[in-house]
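Colleague: I am new to reading structures and would like to take a careful look at one part of this one. Could you walk me through what surrounds a chosen residue, and then set a few other places beside it?

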Amino acid sequence: MGVEKQKKFLTVAPFKCVWCEELRFREAGRGCIAFEAFAQNDVTLVFRAQAGSQHYHYKMDNNPNYTIILGSHRNRRLKIEASGKTVVDVAGVGLCTSSAFQSYWISIYDGLISIGKGKYPFQNLIFEWLDSEPKFNVQYIGLSSWDKHVGYRNISILPMQSHNNAIWSHIDYKVYEGEDDECDVMEELNHSLEKQGLVNFLENWDLSDLMFVVGPERKVVPAHKVILCATGVFSELTDENVIELPLTSYPVLHAFLEFIYAGQTQISECELAPLWDLSVQFKVSELDKQCEEIMKGFEISNKILDSGNTVKITNLSSHIQQFSTFPHEVPLDVGKLKHFLDTGEHSDVNLHIEGHGLVARSHKLVLSLWSSPFAKMFTNGMVETSSSDIYLKDISSEAFLVMLQFMYTGILDMDILETSPILILLLLLADQFGVTVLQQECCKRVIECLSEDIVCTVLQAVSSVQSYKLLEETCKRNFAMHFDYCTTASTDFVLFDEATFRDILQHPDMTVTSEDKVLDAILLWCTQACEVCGWATVDELMSSSTPEQSFGDRLRSLESLLRFVRFPLMSLLLLEKLADSGLSKHIPIFHQLVNEAITGVKLPELSHNVRFQHRRSSYKELQYICDGDRNGVIYFTGTSYGKHPWVNPVLAKKVTVTASSPASRYTDPKALVSRAYQATSFAGPRFEGGQSCSWWMVDIGENHQLMCNYYSVRQDGSSTYMRSWAFQGSMDGENWTNLRIHDDDQTICRSGQFASWPITGSMALLPFRFFRVILRGPSSGDANVWNFCICFIELYGYFI
């Protein structure tokens, strides 16, 4: 069956994902998609069991999925993510192109992912990767983008057969066509980009600071020093910033400047030689090279130059193309621009920040290329139009200088993990000055480093900024999924506006260990508390004040927010305490909701509260009772999560145990969770990060997390007792958080002894997938003091 070429195509906007019923494999886990894409970078395809939403983002997906990114890291890398974890990140320069549609194909067969280029699937393979834990249920395909529009067309879904190379001759597929209005979006985008950028300043008096005088008629043509000097050498300036070119015609100068400002030009064949001379005179090397090649071609073919024919010349410089993040791909030498910023050479504006004085000598044209507010400031007749000094206030000087560096290089050069406060300030600054590309880059960086510790700060910053809605929704989801931690680690959340806090309370992914945590958070928000406390503390406050005094202007909000507490899920004992509280006596809606819940618990047949279901993501409580009990997480996984009799969870492949030393008779992963005493069981030392260390690690599975509040270990039969160690948690098995640190802990003092310790404070409210115990110092004993000698470990807390 032949393929009819489609003229229409689908445009995916930044941070969006398109799903439809046609975009799915016929057989789950097996299929191929062939398509054409038009993009500068980040052609992103998502494969999962069910279709997602248009706001889908793979980093927020808890279900098994594959995400393949062609042209990641500004079109330099090929990435594959399996359920949010990067499994492939390799060099792949030039995978995407924004000059024309390019053909690709991606196949999945029981975890074998193959990627190729070209119109014919299963040919021109460029990369292949086999998943050791295949996602057999992936079937739906999402077409996504990152920070720029991506165009897709000629999309074909193919079945997988045993002889893939022959498949193209008998394809059974569907072609997904984009709608007309989506095609128009891309056309409008391309048209708008053509109208913007440096070309607007070609022969424009706005912000010009030099002029050419050409030909016998002495025609005056304006230009800009910073642009010219970033492309060549213009040392013939007079004191009046005038360049005299009496022997050059205006059409030749126009073509010369157009090449510099627009990256391309055209000129009649008979004027090509004068243009070449001009490029040599001012050392515009790329134009010189292009003219020379064209002229040599004419010489070889003995072509007679004709004034009626035109020649098109395009800037193809590779060192310029790599800076495609510069606004509208301005064809400038970014290295020279950076030098001009550092030295102040050719500057025409001094930038001052209140409290910091002069911070930079810059160039109005460069600022205007990136920022509409700056462009309006410099060109609409305001005071700044004629002034060489600009005074800014109420902004961070450090963030402003980072933004300035970005404007001159197109690169955000900062460590996001160490400078997240600056990144948030930069996010707001980019919005204030309308630097769209920087907004997108900051948004991407914030999402990548978003954690429970900064989510409140980010959410406060972006909740009122319309252009950051994706980031706002990501923060709300992150907060909701870590509700206990975010509402007890600090009281920053009380600064949220009511709409933001209400959205979190109603979020479908909200995760709590108990409903009294929701009540506590609502009371903290309504009292605008400065310290974390529970409902009992607020109740004490009510004994000496009125509701109006305690809650102020948030009293009305309290009455509506209390309805988000699922009181019927609380224990009867707690409900009866709430019924006798001052809160119940002074706040009618509180009294009503608590008594309705008590009635529902005591007389469920009379209750009509069908809306009070357990939250979709609620944790199972597995609390420590005593050493060696059967109430821990590892025991629970061994029972197939409460469904079957206990089987060693390592053998059942529910849990993975690893050690710092290779598996052996005395370093046996399954023995650590077997619940049987071992006379010899240890993890030997290995060399990591320049030092010796020993550890045992437990992975509870990719679909599970634990907020750990207790853990137990058991000494083996040796007398090598651990004394200084750390108990740690991690989401990826690489970046670790200390949950409890032990220094010279003398608890274990005999062979076979159990010992258990609580995890306290906010650390007990952080969910993790991986847990490990790691020696921080030598054990007691005379030999093998870096052996970690335990034969059992158990974890407790809230498990999901």
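**A strand residue and two other sites**

Modeller: Please keep in mind that this is a predicted model. Let us begin with Y109, which lies in strand β8, a strand covering residues 102–109. Y109 has a relative accessibility of 32%, and because buried means under 20% and exposed means over 50%, Y109 counts as partly exposed. Together with L112 and L130, Y109 forms a nonpolar patch on the surface, and the accessible area of these residues together is about 260 Å².

We can now turn to Q266, which is found in strand β17, a strand made of residues 264–268. The relative accessibility of Q266 is 53%, and therefore Q266 counts as exposed. Even so, Q266 has contacts with residues beyond those up to four places away in sequence, namely A255, E258, T310, V311 and K312. One of these, K312, is 46 residues apart from Q266 along the chain, yet the C-alpha atoms of Q266 and K312 are separated by 4.2 Å.

The last site is D520, which belongs to helix α19, a helix that takes in residues 515–527. D520 is buried, and yet D520 has no salt bridge. The nearest side chain of opposite charge belongs to K517, and that side chain is 5.7 Å away from D520, whereas a salt bridge calls for a side-chain nitrogen of Lys or Arg within 4 Å of a carboxyl oxygen of Asp or Glu. If we set aside the neighbours within four places in sequence, the residues in contact with D520 are C533, G534 and W535.

Terms used. Residues are numbered from 1 along each chain as its sequence is written. This is a predicted model: local features need pLDDT of at least 70, side-chain atom pairs count only at pLDDT 80 or more; totals for chains, interfaces and linings use all residues. Side-chain values use heavy atoms; hydrogens and water are left out. Helices (H or I, at least four residues) and strands (E, at least two) are DSSP runs, numbered from the N terminus. Buried means under 20% relative accessible area, exposed over 50%, partly exposed in between (1.4 Å probe, protein chains only). Contact means heavy atoms within 4.5 Å. Patches are made of residues with over 30% relative accessible area and no salt bridge: like charges are joined within 9 Å, nonpolar side chains (Val, Leu, Ile, Met, Phe, Trp, Tyr) within 5 Å. Accessible areas come from the Shrake-Rupley method with a 1.4 Å probe; for residues, only the protein chains shown count as cover. Lys and Arg count as positive and Asp and Glu as negative; His and the chain ends are not counted.
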